[in-house]
Amino acid sequence: MKRICSVVLSLSLWAACVCAGVPGFTNPILPYDYSDPDVCRVGDTYLMTSSSFNNVPGLQILASKDLVHWEIVDAAIRYRLPGYKEGDKVTGNFVWAPAIREHDGRIWIYYGDPDRGIFCVRSKPFNFKLSTLNFPLEWEDPVLVMEAKGYIDPCPLWDEDGRVYLSHAVAGSRFGLKSVLLMAELNSDGLSVKVPSRIIFDGHEEHPTSEGTKLYKRNGYYYLMHPAGGVPTGWQVVQRSRNIYGPYELKITLAQGNTTVNGPHQGGWVDTPDGEDWFVHFQDVGVAGRIVHLQPVQWVNDWPEMGHKGEPVLRYNVTKDNAQRTWSNFARRDEFEQGELALDWQWAGGRVQPQWYFCDAARGVLRLYSAPREEEDWMPNMLLQKIPYAAFTATAKVRFMPHKDKKMEGAEQAGMIVTGKKASFKLEAPVTDEWCYLKLEMDAKQRGQYYTSTDGTNWTKAGERFQAVEGHWIGAQVGLFCTRDNRKFNDAGWMDVDFFEINLK
């Protein structure tokens, strides 16, 4: 089975396969770690991006025609983390909580880097017909709009009078203060500051850990939407004012209530061409990360009412005919026939350039060369994917060929890995000239068991069952590695990968 590559995609090709409007669905709409999602609409196409932290490609972009079925189509940061300098601490840093907008024939993404400030990365101008929005877009280099340690969670607003505003929050770990929200005015280019930030809301007493700002204008009101209360247990707040700097009046518009959806917040509001309104947000589920939900929105007296009476809905217009979940397009098989990695593969950016893999399209093989470990459990040359919040299997057909020089005997290892912040769980490929199969079975509680096989049919358990752990601000990840110890040598062995496949159970 050949995988359809999502690097280049004309949305018009698959629009006909998706029903018009927002179909019935069951939450989560995406059982994957797309933390701090934001969404915008370009004509009849919805675009979503999310925090990518230290993972590259960063700012992955998903597209949809109906807000329920999504496909990865682009990434605004393709190769290296902006602002990275040799020796910088990488894990959990860099690309936090973006906002995505279309303005003046470009896609704009603003995000906060807690150690450097607020960046903007935007596409080059493009002309599009609504039915033929083609990806990947051409992206300009990221611009540091606002240099400041601790500034995070920005969102722009282009007002009717031509003025440009930017809301944002602050990270207490860098700024020494949290739970306050700020507003700045940008110059007309949207890439530099005209009027510096000032605090416009203090949430310490009633809405601690206010962050994740989203800024909108509707019916003459400025709306400042943001989460409060902390990631696992918080709620969604909406504030409104006739003046961009306030004072604002406030309502809680989404909270867990009697549902099982904890901390329903940090997302974005979007409307449809038919005038419907929706709110995309995440739920933190621990090891699998922050998964994506969709809530209906009704406007009543110029206030948004989200979900069902302010509580998250688990199902929307679900019938016997559409009761199945919409995750099937995220069950992936990669046969490496495209000459470059698909955009769901990521590596820990910054520390190394990705010169340790080769997509050998002529043979339909991914070759991973061994690279030295930087510490015992840290391997910079891991190729990883998000794990689903569901039971799944991951299978790879591999052949491990260590370097034959006696100086390198025992130095190299390769195979499959599940990695998190405090622990990694590896299945090493055997050293052989023959192809073999590696498999991970993981249940819905992210408990894993490895297996090996020589024929892909008969399997033998490998190692003990393990409990996966989350990463730094992200869920656990699964993928491939090829590494060696720090002995000096001017060449490397390798592991060839014929295919890698994830199937939901």
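Me: How many bridges join strand β8 to strand β9, and in which direction do the two strands run?

Reply: The two strands, β8 and β9 (residues 106–113), run antiparallel and are joined by 6 bridges. Please keep in mind that this is a predicted model. One bridge can be followed by eye: Glu 102 has Ile 107 in β9 as its bridge partner.

Me: What do β8 and β9 form, and how many residues lie between them?

Reply: They form a hairpin, with 2 residues between the strands. In the turn, Asp 104 has a positive phi of about 55 degrees.

Me: Why is strand β8 described as largely enclosed by the rest of the structure?

Reply: A general idea helps in looking at any strand: in a regular strand the side chains alternate between the two faces of the sheet. In the present case, strand β8 covers residues 96–103, and 6 of these 8 residues are buried, so the strand is largely enclosed by the rest of the structure. The cut-off for "buried" is a relative accessible area under 20%.

Me: How should I read a salt bridge, and how many does the structure hold?

Reply: Side chains of opposite charge can pair when their charged atoms come close. The structure holds 31 salt bridges. One of them joins the side chains of Arg 101 and Asp 38, with a distance of 2.8 Å from N to O. This pair links distant parts of the chain, since Arg 101 belongs to strand β8 and Asp 38 to strand β3 (residues 38–42), 63 residues apart.

Me: Are Arg 101 and Asp 38 buried or exposed?

Reply: Both Arg 101 and Asp 38 are buried.

Me: Which residue forms a salt bridge with Arg 106?

Reply: The partner of Arg 106 is Glu 140, and their closest N and O atoms are 2.8 Å apart. Arg 106 lies in strand β9, whereas Glu 140 lies in the loop between β11 (134–135) and β12 (143–147), so the pair ties together parts that are 34 residues apart in sequence. Arg 106 is buried, with a relative accessible area of 13%, while Glu 140 is partly exposed at 24%. Salt bridges may also share partners: in this way Asp 360, Arg 363, Arg 367, Arg 399 and Asp 496 are joined into one network.

Me: How does one look for empty space, and how many cavities of 30 Å³ or more does a search of the whole structure find?

Reply: Rolling a probe the size of a water molecule over the atoms shows where empty space is left. Here the search finds 3 cavities of 30 Å³ or more. The largest cavity holds about 110 Å³ of space. Its lining consists of 15 residues, and those nearest its centre are Asp 33, Asn 55, Gln 346, Lys 386 and Ile 474. Sorted by class, the lining of the largest cavity has 9 polar, 4 nonpolar and 2 charged residues.

Me: In what order do the 4 strands of the open sheet stand?

Reply: The order is β21-β22-β23-β24, with antiparallel pairing. At the edges stand β21 (265–271) and β24 (303–306), each of which pairs on one side only. On average, neighbouring strands of this sheet are turned by 35 degrees against each other, direction ignored. To trace one pairing, take β21 and β22 (residues 277–284): 6 bridges join these antiparallel strands. Within that pairing, His 265 has Phe 282 in β22 as its bridge partner.

Note on methods. Residues numbered from 1 in each chain as written. Predicted model: local features only at pLDDT ≥ 70, side-chain atom pairs only at ≥ 80, totals over all residues. Heavy atoms only, no water. Buried < 20%, exposed > 50% of the residue type's maximum accessible area, 1.4 Å probe, protein only. Pairing = 2+ DSSP bridges. Salt bridge = Lys/Arg side-chain N within 4 Å of Asp/Glu carboxyl O. 1 Å grid on protein atoms, 1.4 Å probe; cavity = no way out; pocket = protein on both sides within 12 Å on 5 of 7 lines; lining within 4 Å. Points joined across faces, edges and corners; volume = space filled by probe spheres on them. Nonpolar A, V, L, I, M, F, W, Y, C, P; charged D, E, K, R; others polar. Axes fitted to C-alpha atoms, helices over the stretch in contact; angles between N-to-C directions.
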